[in-house]
Structure formats: structure tokens, C-alpha cells
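The following note is offered to a colleague who is new to this structure. It takes up a few points in turn.

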Amino acid sequence: MGMKPIVSGEKMDGIVKFLGGISIFKGLSKESLEKVSEKIQMIAFAKGNIIIKKGSTGIRLYLIKSGGARVVSESEYEDFTIADIPSGKCFGEMSLLTGEPCCATVKTSEASLLYFITKSDFDEIILENPQINKHFNKLFAERIQKQNTKNVDLKEYEIALSRYLQKAKEYQHSGVVWKTKKMQNVFKETEKFSENDIPVTIIGKPGTGKELLSRKIHMDSTRAKFPVFEMVLLKERRKGTTFVHNERRQFDYTESELFGKEKNINVDDEEKRIGCLELVNNGTLIIKNIENMPSYLQDNFLKFMKTGSFIKKWGSEPVHANVRIIATTSDIGLMQKQLCPGLFRKLSTQKLKIPPLCEHKRDIPPLMEHFVEKMSKTRHTPIKKFSMDATNKLLKYDYPGNVKELENIVERAITLSKADTDIGEEEIFLEEPTGIEDKKRVNLLNISLIKRLCKSPGVISTAKAATLIIFISILCLFIVQSDISIGGKNITLILFWQLGIPCLFVLFLFAARFGCGICPIYSITKLVNKCNLKATIPDVIKKYDAWIMGTGFISILFLEEYTHMTSSVSKTAYLILSILFAAIVVDFVFEKSAWCRHLCPLGRMAGLFAMSSLIEIRADRNVCTTICTTHDCFKGSERADPCPMFLHLQFLSDNRDCKVCLNCIKNCTHNAARLNLRIPGAEISSLNRSDLPGAIFSIVLSGLLIAKILSKTDIIQANYPFIFSASIVFALTLNLTINYFTALILKETVIGHLKQFGYTLIPLILFGFISLYSIEIFGDVKGSLMVFNIYKLNLNFTTIFQLLTILTGLFITEYLIHKIIQNKINKNRQFRIFVIQGMAPLVLSIIYITLFFT
């Protein structure tokens, strides 16, 4: 720049030869070329010098002797190259011919020597050689075609860029809210990495915030004004050396996504694509799950990191890009194993490790506030607050999904909570869904008749009304001490003890807690307590509710036999009225169905036996997580009330708390709700919440069934308290001993195995109670059978039914034990553990059968 032209002193023949290779002078005679060469001058430029400035008047035709130039569009941040001009080409002719200002700036791309012809000399050459105009016309046509192609490429670039920017919107860098010392040290590291352009590898479990910190490094660096993209690499699946299913196509896509591709002339539908590296030029590319990079791409990617250039798929020309790489991985060891040594070394020069959220739980409250404010701005709603119970619940959880899981939980809680209330613990659902239930289930809602019945508002209402009328009628008969009898026994006692209670156990088997869904006591409390005090349920009740309800039911079983309640109208009336009064008082004082959820002894028993039911209500969790945004199964809608037990269908994994009220099926508009027919007790083998109270209560019930069967005989009436206690002690001792030996072999805790295997007794207990109450309904059904018309065989069909029922319960229990062992214990120890664990239900079954036959 600013240099004066230097007249060439080189030989005429060299210049004439050079001019003969220029397209516009082809076809001129040697004499004409010699005349042109006399007008040639030469000038030298350093790299990056401006040759022609946009808007200036054209005064020269330039010919590049050596070096190169580029046509650029100047901007505030960077020159954007429109076209490259190699040696042996000319430029500047357009302005000379038209007299218009130059439309673009031309700069040298390297140190260059240029010939030039002034405007006056150029005009003379055109007059003397009019055939040159033909060459200019052809040249203009070629440049117009190239410009059209360039415009198309620019449009494709714009579309590709907008696509990536749209994809990146949800990952926009936001303010950092972590406060703990551990995370502050991480931030200091990110600040250090922002000061250089060396590649960084960020290590952390899923959801720890790797992408957020990657963007923070970019935003704090000198590249902040340029793009930042994120690219996710999927895991490579192979069977031997062969790609599984469409994995080859997936990795072709990965190559095109990273490097881009030119149009393949051999494939009609093959489209040109601009890759991430080209789009993010001068910016930062975040590659997520770097360990999943296909092996055949690693060498090309390493070459790009070293040289800054790459070749597109189906392309031949190198493409240059200046990109900073930030890689993320959840396992640095796997990354080292999967990547070639050179690429691993290049990427791991700078490493940043992010601790999981469970190691810095003091950050949870500020993170909660941050996410609430973020949702409030997004949804244009008032900022919500968390109740103390909700906060404590969030602080106790360990978050396997880390910060991302916390954000999802908070967002869902805001959606589920009412507009004018704080977020309570009922709106906090912690366990992440584990997928659709296994295939050994049949969705009954696929049958149109069943679906119509479940969706119909009249079915449950009719059932509730019927049970309420029957309950009130029986209650009135108890109160007036009705002396109506059948077969010498009071009709109210028959309806309650001999018909109602046995039917309840049968209902547990076939319809889970449907009886709770149409419970008359719940209907009465709901009617009476339309306005209540809404006091917060004490923490002690929430913490020990399982023990309280279990103890309540065991007490009822004891009093039933010890006080001969089944033969006393007044005592039965006292029991029913006591439960009804307690339910009304509790629900009047406390909020959110406190009686049903935390104190009802019958509800606890129903919840355990419902685990052995043939049916369950579950969700297609894929639909819930990808489509549903309303959460009507929890919140309710105009179609039905919200869930009375404050359950979310997406997170329902067992039958213990579900009252089968069908509200969730009515409210779900996405067909995610499923009414499954299954193997009885199927959920027990994969139980997510196997708590100790439930396991202990199950074991105690297995012992109480022995006392219950013995109570039907006359031999123990005077010693019932002793038999009752001894049965409980026997069942607990038997199971503790068996689980002690299991823990001894596996070198684990007794309590852990007690919680796992205690629930497996529930099917046996349920079938045992059904066997017991079959006597109440059918009595002793006897008959005879002639064998070969010779031998008369006398049979007791009730006893045979009891035997088959107990054996069915035993088979299901042993099957569940087998499934738990298969899923959780090493193969070489499975048989020994099965033999040991199978002893408890086998011994109990032998006792039940012996007592029934006796």
C-alpha cells in the first residue's frame, strides 16, 4: 500500500508470454500483445494490503503475476471473503468499462506481484483490439453465473446458520448461581481457560452443567462476539464389526454435520450441506460426548485441529476454519479408550472436572430460586416460593440427573402447583421415570367397551352412590340394633363380616384398591368437610404414617377375635363409627386427604394387598415426557377431579397408593394412561420403594393369618392373646433367620434383604385370606365322586379350593423371589439364595394347608 508503480524492466518476451495466458488477451496476435506489453507496469503488495477500495473509481486493470488476492465484504468484526483470485487472473475491468465505483474491496491474500494497465492505456487497447470485448462479455457471463452460485451458497449458509442458532436457543448462557467453595474453584478454572484458545475437555456426570460452563468459557473469551454451537455425538453400536441397524447412516450424518458435504453427482437426492466447523468459523464448537466420535472421523478431526483445514465429504478443495474446540464427556477413562492417542492428547491438554450435585447440596436453594425466576420470566407469571417441606424434600434427594434433573423437577412443580399457593411437597416428584412397563402386560383400554366404561363419569359415580347407600343402610341397622336374622345370625353381621370383608379381599385381587376409590367413608368426609381448617399435617405423622396405619390394622384384627366382634352388633357398630368419626375429625382439621393418605388402617392393608392385584394403572412414559405439558392426571380438568392421593401418573410405579378412582384415565387426553392386566404381584419383583415398615407389616400379616385360621377353632379361644403374639414372633423369627443367612452368604445387610424379600409374601397372604374367607361365604361344601362306577370318593370341595388357592399363592411368591434373585444376585449364587429364601413361604404354606385340613 502507498508504493509507487515500478516500471518493469524484464524482457518483452516474458511479458508477452504471460499476457498470452490471460483469457481476455487470448486470440491477439503477437504484435498486438507486444504493443500491450509496452503499457504494462508492475507493483508489489504485502499480505493483507488493499488493492482496490470499495466505492473508489476504477483507474487500473490488474493482472496477478504471483501471489493471490480476494474480494471481501468488510464488516465491523471481520472481512467476509466473497471470492478468491489466483495468479494469472485479472480484476478491476468492470469499473473501467462502466465508469461506476468499485462494488467491493480487493485485498492480497499473500505477498503478491501485480501487473497493471492504467485506464487511458486500457481504453487505447480496447480501441485497437475490439475483439477483446467478446472476451469481456464471456468473462462477465461466467462471473454472473459464479455470483449466482455464490448467492445460493450464501443462502444455504444463512439457512444452516439459522438452523443451528435455533437449535442453540435453549442452551443460551445464563447467570451462574452456584455459591459453594467447590464450585467457585471450578469457576476460577473456567476463567483461566477463557484466556486462551487451547482445546478444553469438561468432565462431569450427565446434567452437571457441562454445556453451561462450556458456554461460559466461550462468552468470557475473545471469541464471544462469534457463534458458539453444540454438537451431540451418539453412541456407536456395533455387533462385531458390523454397524447395528442404521448406524452407518447415522455416522454418515455425523460426518456431514461436522465437516459438511458437497453434492454427490452420483446420487440424485444428495444435497449440499454446510458443516459445523465452517459455520462456527472464529467461534467455539462444543462437542458433547466426545468419546462417541466414530473412529474413522478421528484422524480427519485431529488433522483439522492441527492445520485448521479440512475437506468436505465428496469434496476436493480444502476449507479453512478457525474454531476453538470444547469437548465434554462423562467418563475420561472411556474417552481415552475410545479416541486415538493423538486426538486424546490434543483434547485433554486442559481438563475441567465438575462435581455431581450431591457433593455440593448447599447450591440447591440458590439453584431453585434461579430456576423459579427463569420460569417466571419465560411464562410471565409471579415468582413462586417453596414450602419448608418441599425444600427439605429437595435437599434430601441425591439427584442422579444432577442440575438438569433439579431444573426439570422445579419446572414440573411450578406447573403442578396452583397459581395462588406456594409449591408444596405434593408437587415434588423426584424419581425419574424408568420407561414403559415390561411386555408381560395387556392394556385393557385397547378394548373399546372397557375404555368407554373407564372414561364414563357415570360409572364411578354410580358405584360410589351404591356403596354409600349400602353403607348407610348397614350403619342404620347397626344403630337401631336390628334383630332381622337369617339362619339364626343377624343380617347386618352377615352383610358386614361374612359378605363385605371377604368380597373386599377378592376385590384386592381383581381390582386393586378400587374399593378405596368408591369408599363410603371417604365420600362422607368429603361431603361433611367441604370447609376445613386446612392445618398442615404434622411431620411426625408423615414420617411414621406406615407404622401408625400398620399398627392400627393389626389392632383391629386382634380386637375382632378377642372381643368376638363378628358376633356382636354393638361392637361392630362401635368399630365402624369410630373409624368414621376419626376420618371426619382428621380431614376437618388437616389438609389434603390426611386420613386416606396417612392414617387409615384399612387403607394401609389395602395398599399392600393391591400390590398382588391382577390390574394396575400406569402411564406410557414416553408419551408423558415427550407430549404432555398439562399434567391433567395430577391437576384435574373439567373432565374429572384431580388425583385424590396427589399422585402423578407418570411417576406411579406400584399400586400401594393408587385408589383406582379412574380420574387419571378420564383426564389424560394423550392416551398415555394404561389399565394393565398383569401377573399378580408383578410389581413386587422390581419395586422402587421397598421400605422397611411395609416389609415388616407383610411378614407380620403372614403370621397373623395363622392366628386367624386357628381362631376359627374352639381350642384357642381362651389363649388368643398368646397365639396372636406367638404367630407374629414366629413369622418375624423365621424371616429374620432366613434373611440373616442370605446376608451372610452375600456379605450384605439383613435389613436390606428384609426390605427386598418381605413384600414377596403378599400374594401368599392374600390368597391365604381368600381361602380363609371362602368358608364364611360357602361353608363346608362336600360331595362324592364315583370312580369307574366302583369306588365312591367323598370330597370336601371347600378344602380342595383352599388347597389350590394356597398353592397358587405359593407359586406366585416363589416366582417373585426367583425374579428378584435373577435381577440382583450373581448367577453362581442364585440357586443357593433361592433355596434359602424359598423356605419361608414354603413353611408358611405347609402350616396354612395343615390347619385348613385339620
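1. Which backbone oxygen lies 3.0 Å from a polar atom of the side chain of Ser417? It is the backbone oxygen of Ile414.

2. The model is predicted, so local features need pLDDT of at least 70 and side-chain atom pairs count only at pLDDT 80 or more, while totals for chains, interfaces and linings use all residues. Residues are numbered from 1 along each chain as its sequence is written, and side-chain values use heavy atoms, with hydrogens and water left out.

3. Ser417 is located in the loop between α15 (402-416) and β20 (441-443); helices (H or I, at least four residues) and strands (E, at least two) are DSSP runs, numbered from the N terminus. Its relative accessibility is 8%, so Ser417 counts as buried (under 20% relative accessible area, 1.4 Å probe, protein chains only). Setting aside neighbours within four places in sequence, Ser417 contacts Lys384, Ile423 and Glu427 (heavy atoms within 4.5 Å).

4. The largest nonpolar core (buried Ala, Val, Leu, Ile, Met, Phe, Trp, Tyr and Cys residues joined through side-chain atoms within 4.5 Å) has 83 residues, of which Phe505, Phe609, Leu701 and Tyr848 touch the most other members. Helix α28 (residues 692-710) contributes the most to this core, with twelve residues. Another core, of 36 residues, lies apart from it and includes Val186, Leu213, Met375 and Leu406.

5. In helix α4 (residues 119-128), the buried residues are Asp121, Phe122, Ile125 and Ile126. Viewed down the axis of α4, they fall within an arc of 140° and therefore line one face of the helix; the arc is that of the directions from the helix axis to the C-beta atoms.

Definitions and conventions
Buried means under 20% relative accessible area, exposed over 50%, partly exposed in between (1.4 Å probe, protein chains only). A polar contact is a pair of N or O atoms within 3.5 Å; within protein, one must be able to donate a hydrogen and the other to accept it, and residues adjacent in sequence count only if both atoms are side-chain atoms.
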